[in-house]
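Please open the structure in your viewer and keep the sequence panel beside it. We will select a few residues and strands in turn, and pause at each one to see what is there.

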Amino acid sequence: MWNEPSTGLPLAPVDSARQPQPAVVATVETGSIGEELGFQPGDRLISVNGVRPRDLIDLQVLVGEEELSLEVEDPEGTRHQVELEKDPDDGLGLVFTEALFDGLRQCNNHCAFCFIDQQPPGRRQSLYVKDDDYRLSFLYGSYLTLTNLTAADWQRIELQRLSPLFVSVHATDPELRSRLLVNPRAGLLLDQLGWFAERRLQIHAQVVVCPGVNDGLALERTLLDLARFGAGDWPAVLSAAVVPVGLTRFRPPGDGLVPVDRACARRVIEQVEPLQTRFLAALGSRFAWLSDEWYLMAGLPLPERASYEDLPQQENGVGSIRAFLEALDQATSRLPRRLPQPRNLSWVVGGLVAEALEPVVDRLNGVEGLSLRLHGLPSPYWGQEQVVTGLLTGSDLLAGLAGQELGDELLLPSVMLRQGEPVFLDDLSLEDLQQRLSAPIRLVQGADDFVAACLGSQAPAL
C-alpha cells in the first residue's frame with residue numbers, strides 16, 4: 001500500500017532535528033471547545049502548556065490535560081495566550097492541515113522495486129516523496145521499514161505505545177533483506193521484532209514478492225519467521241500480507257526484476273494457502289493472506305469472505321475486492337423491476353478487476369430500462385495490461401475510452417483521484433478529462449453510491 005503524502009507537508013532534514021512548526025487549523029468542529037474559544041481556520045497553534053507538539057500524536061497527549069495554556073497566532077500574526085479548563089476526555093475540536101509539524105521522515109533505502117522510482121519525471125512533487133515515517137504508520141496505516149529510526153524514535157514508540165505499526169518486511173533472512181533494501185540496517189529486522197515482543201507492542205507486516213528473488217523457500221522462511229511472533233495472548237505480529245511486485249515501464253534499466261505472470265501467481269497461491277491451514281491450527285488465525293491481485297492474475301476465484309476473518313489488511317488489497325463484491329451484493333439485493341426513465345451508462349475500472357465485476361453488471365442490466373457497459377481498461381501510462389482501478393490515470397481513460405459509446409453518463413470510481421483533489425496520477429485534472437470525453441462524468445464512492453447512480457437516485461453528474 002502506498003499513500004501519496006500531502007503537497008504541503010515539509011520534509012524533515014537529514015540527520016538533524018527540525019523545530020516543530022505551528023499546527024495550522026483547517027476546520028473547527030461545530031459546538032466544540034475550539035469554536036467556543038473563537039478558533040478560526042488559519043489560526044496557528046504554537047504550543048500547549050509550553051510544549052511545541054511535533055505531530056498529531058503529541059497534540060493528542062498534550063490536550064489530554066484538564067488545565068491548558070495555549071499559545072496561538074492568528075492569521076494576522078498577533079499572538080494570543082488562551083487559558084482553559086476542561087474534562088480530560090474532551091478534545092478541542094480542531095482539524096489541522098497536516099499531521100506532522102516537524103517534517104516527514106523519508107526512506108533511506110534503495111529498493112529496486114520501489115514504486116516511487118518507477119514514475120516518469122515532471123509530475124507533482126508529492127509523487128516522489130518516499131514516506132518512511134513511523135508516525136504516519138501509526139496514524140494512517142502506511143508502511144515503513146524501521147531502518148531510519150533513531151534511539152529517540154524507539155524510545156518514543158515505547159513511551160507513547162505507538163502500536164500497531166505497519167512494517168514492510170519483504171524477507172526475514174538478514175542478508176536477503178539487506179540486499180533487497182540496499183541497506184545493512186535492514187538485516188536487524190528479527191531483533192526488532194523481538195524488541196516489539198518484549199514490550200508488548202505490535203505490527204502488521206507485508207511482503208512484496210519479487211519472482212526469483214524473495215519467493216519460493218525465501219517466502220516460506222519469511223512467513224514462518226513472522227508466525228513465530230504471531231503466537232500467544234499478545235502477539236507481536238498480528239498479520240502478514242503477501243502482495244505481488246508492481247513494475248512499470250519507467251523502472252530503472254537493469255534492475256533484474258521480472259513481473260508476476262499467471263504461472264507465478266498460481267505457484268505463490270499453492271505455497272501460501274497450505275501455510276494458512278497450518279497457521280490456523282497453530283495460531284487460531286490464517287495469519288498470512290494473499291492480496292486479491294494474486295487470484296485475479298492467476299485466473300482463479302477469490303476466496304470466500306469468511307476466510308479473510310476480520311480483514312486486518314483490507315487497505316493493503318487483501319480482501320478489498322471480495323468486500324466490495326459483498327457490498328455490491330447487498331446493494332443490489334432489492335432492485336426495481338424497471339426504471340421510470342431509461343438510463344444508458346458506462347462504468348470504467350482497471351482491467352485486472354473487470355471479470356470479477358461482470359456478474360454485478362449482468363444483475364443490474366436485468367433492470368428494465370437500465371443499460372450499463374463495463375470498461376475494464378489497461379494502463380498504457382504504466383505499461384501494464386492488468387492494472388487495479390486506483391492506478392488508472394487520466395491518459396489511460398482517454399486512450400481506453402476513445403471511440404467508445406459511453407451513453408448518458410460515465411461512472412468513475414473516485415479512487416482514481418488524489419484524495420481531496422480532482423487530479424489523476426499523471427496530473428491530468430478531472431475537469432480536463434471531462435472536456436475531452438463525450439459523456440458527463442459522475443464520481444462514485446463505494447457500492448451503495450455506485451448502485452444509486454445506476455438507478456438514478458444520485459446527485460447530477462459533473
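**First stop: Asp396 and its surroundings**

Select Asp396 and show the residues around it: leaving aside residues up to four places away in sequence, Asp396 touches Leu377, Pro378, Ser379, Pro380, Tyr381, Trp382 and Leu391. Keep in mind as you look that this is a predicted model. Colouring helix α12, which covers residues 394-401, will show you that Asp396 lies within it.

Now add Arg249 to the selection, since this is the nearest side chain of opposite charge to Asp396, at 7.6 Å away. Asp396 is buried and yet has no salt bridge. Turn next to Tyr381, whose backbone nitrogen lies 3.0 Å from a polar atom of the Asp396 side chain.

**Second stop: strand β7**

Select residues 203-209, which form strand β7; seven of its seven residues are buried, so the strand is largely enclosed by the rest of the structure. Which residues point one way from β7, and which the other way? Ile203, Ala205, Val207 and Val209 point one way, while His204, Gln206 and Val208 point the other way.

**Third stop: the strands beside β7**

Add strand β6, residues 165-168, which runs parallel to β7 and is joined to it by four bridges; within β7, His204 is the bridge partner of Phe166. Then add strand β8, residues 237-244, which also runs parallel to β7 and is joined to it by seven bridges, with Val237 of β8 standing opposite Ile203. To finish, follow the chain from β7 through helix α7, residues 216-228, to β8, and you will have traced a right-handed β-α-β crossover.

How values were computed
Residues are numbered from 1 along each chain as its sequence is written. This is a predicted model: local features need pLDDT of at least 70, side-chain atom pairs count only at pLDDT 80 or more; totals for chains, interfaces and linings use all residues. Side-chain values use heavy atoms; hydrogens and water are left out. Helices (H or I, at least four residues) and strands (E, at least two) are DSSP runs, numbered from the N terminus. Buried means under 20% relative accessible area, exposed over 50%, partly exposed in between (1.4 Å probe, protein chains only). Lys and Arg count as positive and Asp and Glu as negative; His and the chain ends are not counted. A salt bridge is a side-chain nitrogen of Lys or Arg within 4 Å of a carboxyl oxygen of Asp or Glu. A polar contact is a pair of N or O atoms within 3.5 Å; within protein, one must be able to donate a hydrogen and the other to accept it, and residues adjacent in sequence count only if both atoms are side-chain atoms. Contact means heavy atoms within 4.5 Å. Two strands pair if DSSP finds at least two bridges between them. A crossover is right-handed if, with the strands pointing away from the viewer, the path from the first strand over the helix to the second runs clockwise.
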